[in-house]
Amino acid sequence: MSDSPWPEGVTVVGRLTPEYETVVTPAALNFVARLHRTFDPRRRELLEQRAARQQQIDRGNLPDFLPETAHIRSDRSWHVAPIPLDLQRRHVEITGPTERKMLINALNSGADVFMADFEDANSPTWDNLIQGHINLREAIDPLRAIELQTPDKVYRLNEKVAVLLVRPRGWHLPEKHVLVDGQPVSGALFDFGLYFFHNARRLLDKGSGPYFYLPKLESHHEACLWNDVFNFAQDVLDLPRGTIKVTVLIETILAAFEMEEILYELREHIAGLNAGRWDYMFSIIKKFRNRPDFAFPDRAQVTMTSPFMRAYTELLVKVCHQRRAHAIGGMAAFIPSRKDPIVNENALKKVREDKLRESGDGFDGTWVAHPDLVPTAKELFDAALGDKPHQKEKMREDVTVTASQLIDFTIPGGQITEAGLRLNINVALQYIEAWLRGTGAVAIYNLMEDAATAEISRAQVWQWINSPHGVLADGRKVTVELVKQLLPEEIEKIRALYGEANFAASKIPQAAQVFERVVTEKQFQDFLTLVAYEYLE
């Protein structure tokens with residue numbers, strides 16, 4: 001007989017402390033293992049289907065609205081299930097990792113919703129994951145137990161806080177610290193299962209519920225898998241089906257063609273869709289990387305007013321409102337500077353323009369990355385919507401979007417510049433370095449960079465190297481040799497930025513190794529974080 005305290009077939013590789021054992025319990029891991037054994041084979045099949053669809057695009061078969069699901073799109077009779085009261089008003093949503101100080105500040109920020117992130121804003125070290133679950137549990141505690149004492153301040157929750165949603169990792173990511181039958185558990189099922197097991201009933205007792213954001217879906221089949229996971233989990237814990245409510249990020253180009261189908265598959269559980277703009281750009285680069293007729297210019301030149309981005313966001317609003325779901329706008333990633341008022345003035349002007357456009361287009365809310373942006377976004381959405389929690393009456397019948405509009409990636413006057421190439425190298429290096437140290441959301445040059453924006457940077461460099469259109473405005477071809485020439489120069493800039501002591505203590509050498517690998521290998525790596533996960537201690 002085994003002396004292991006864990007369920008049969010479950011192994012915990014991560015370190016355990018008495019505090020960690022309050023969430024990493026045999027009962028919770030038994031629940032996670034049941035989820036994994038039941039659904040992991042389908043998860044792996046769906047990941048194989050992603051690879052098959054990539055091969056079809058490489059062969060010239062462009063994405064289109066699915067003929068086999070036309071009946072779902074044409075049937076006007078179905079709508080998503082009623083949405084709970086505390087998810088009706090979502091004018092401003094703030095996102096961030098589950099680190100204790102940031103979690104308290106986000107819940108206190110004045111935003112309507114806080115999305116606590118185990119995905120792109122989180123570096124999935126074991127300590128980050130388990131401490132994050134502890135922090136969430138304490139924040140949910142009816143006694144409001146969570147606090148943080150520092151030499152300067154004590155952080156506690158206000159009386160009124162944002163509604164909590166949690167984003168688990170995507171279907172593609174493993175969790176190597178917990179093995180089920182000798183294999184790493186699915187990161188998505190681990191994050192969802194641990195949180196749901198410990199907190200679903202406690203949230204319901206508080207008058208809220210287990211609410212989630214779902215990332216990186218590429219098809220309605222992947223949404224169907226999540227729906228089956230939810231039904232299984234609710235049945236096991238003897239909760240009514242439909243208790244779980246989710247918002248799906250439409251952040252892949254393929255999901256943009258299946259928005260209605262995704263809503264349909266999750267119709268008992270879904271509250272809305274979100275325009276995940278940064279990952280959406282990364283997805284376009286990734287899916288069309290091998291097409292000789294495609295190459296994006298510098299990432300700063302690809303804006304939300306680009307015609308294909310307008311088509312995507314306006315279609316999202318129309319689809320959501322016709323199905324009585326919320327449409328949530330994209331991220332304002334600006335980080336206000338307390339030293340440079342001119343930087344703030346220029347950036348806040350762009351934030352205001354962005355949020356005015358979203359509220360005018362019919363979005364019911366929007367995302368910000370920093371508490372200081374909450375008042376700006378709140379002012380604009382409150383002005384547009386007044387006392388209404390949402391504007392679903394704005395049906396956008398004027399919008400008609402074709403498949404060709406979603407994939408016409410023309411950027412008039414767009415250029416690839418040496419400055420853009422250098423910025424991609426520099427930002428990717430700094431982000432990967434922070435991620436390897438355990439920080440998944442990083443302020444770099446007054447922007448909040450997470451895995452999505454780092455993915456854009458490295459994917460662009462790879463594609464510029466491999467595309468015949470990867471030519472700088474001065475006529476030079478972007479090559480492996482050019483990137484290797486610029487890499488040490490950008491590292492020296494980072495050294496000057498960090499200072500000698502901080503640079504010596506940094507993981508820039510490892511970050512440079514990861515970066516060089518993902519931009520110079522002939523085979524494109526689907527996710528930077530999968531490669532970097534090999535280096536994560």
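**Close-up 1. Helices α9 and α15 pack at an angle of about 20° in this predicted model.** Helix α9 covers residues 277-287 and its partner α15 covers residues 451-466. Their axes lie 8 Å apart. Because angles under 35 degrees count as roughly parallel, α9 is roughly parallel to α15. As for handedness, the crossing of α9 past α15 is left-handed.

**Close-up 2. Helix α15 also packs with α14, here at an angle of about 135°.** The axes of α14 and α15 are 9 Å apart. This angle makes α14 oblique to α15, and the two helices meet in a left-handed crossing.

**Close-up 3. A nonpolar patch on the surface brings together L423, Y445 and L497.** Together these residues offer about 300 Å² of accessible area. Stay with L423 for a moment: this leucine belongs to helix α14, which runs over residues 418-436. So α14, the helix that packs with α15, also carries L423, a member of the surface patch. Is L423 buried, partly exposed or exposed? Its relative accessibility is 40%, so L423 counts as partly exposed.

**Close-up 4. V154 sits in strand β5, alongside a look across to K101.** Strand β5 takes in residues 154-156. With a relative accessible area of 35%, V154 is partly exposed. How far apart are V154 and K101 in sequence and in space? The two are separated by 53 residues in sequence, while their C-alpha atoms are 9.8 Å apart in space.

Note on methods
Residues numbered from 1 in each chain as written. Predicted model: local features only at pLDDT ≥ 70, side-chain atom pairs only at ≥ 80, totals over all residues. Heavy atoms only, no water. Patch = residues over 30% accessible without salt bridge, like charges linked within 9 Å, V, L, I, M, F, W, Y side chains within 5 Å. Areas by Shrake-Rupley, 256 points an atom, 1.4 Å probe, with all protein chains shown as cover. Salt bridge = Lys/Arg side-chain N within 4 Å of Asp/Glu carboxyl O. Helix = DSSP H or I, 4+ residues; strand = E, 2+ residues; numbered from the N terminus. Buried < 20%, exposed > 50% of the residue type's maximum accessible area, 1.4 Å probe, protein only. Axes fitted to C-alpha atoms, helices over the stretch in contact; angles between N-to-C directions. Parallel < 35°, antiparallel > 145°, perpendicular 65-115°, else oblique. Left-handed = near helix turned anticlockwise from the far one by under 90°.
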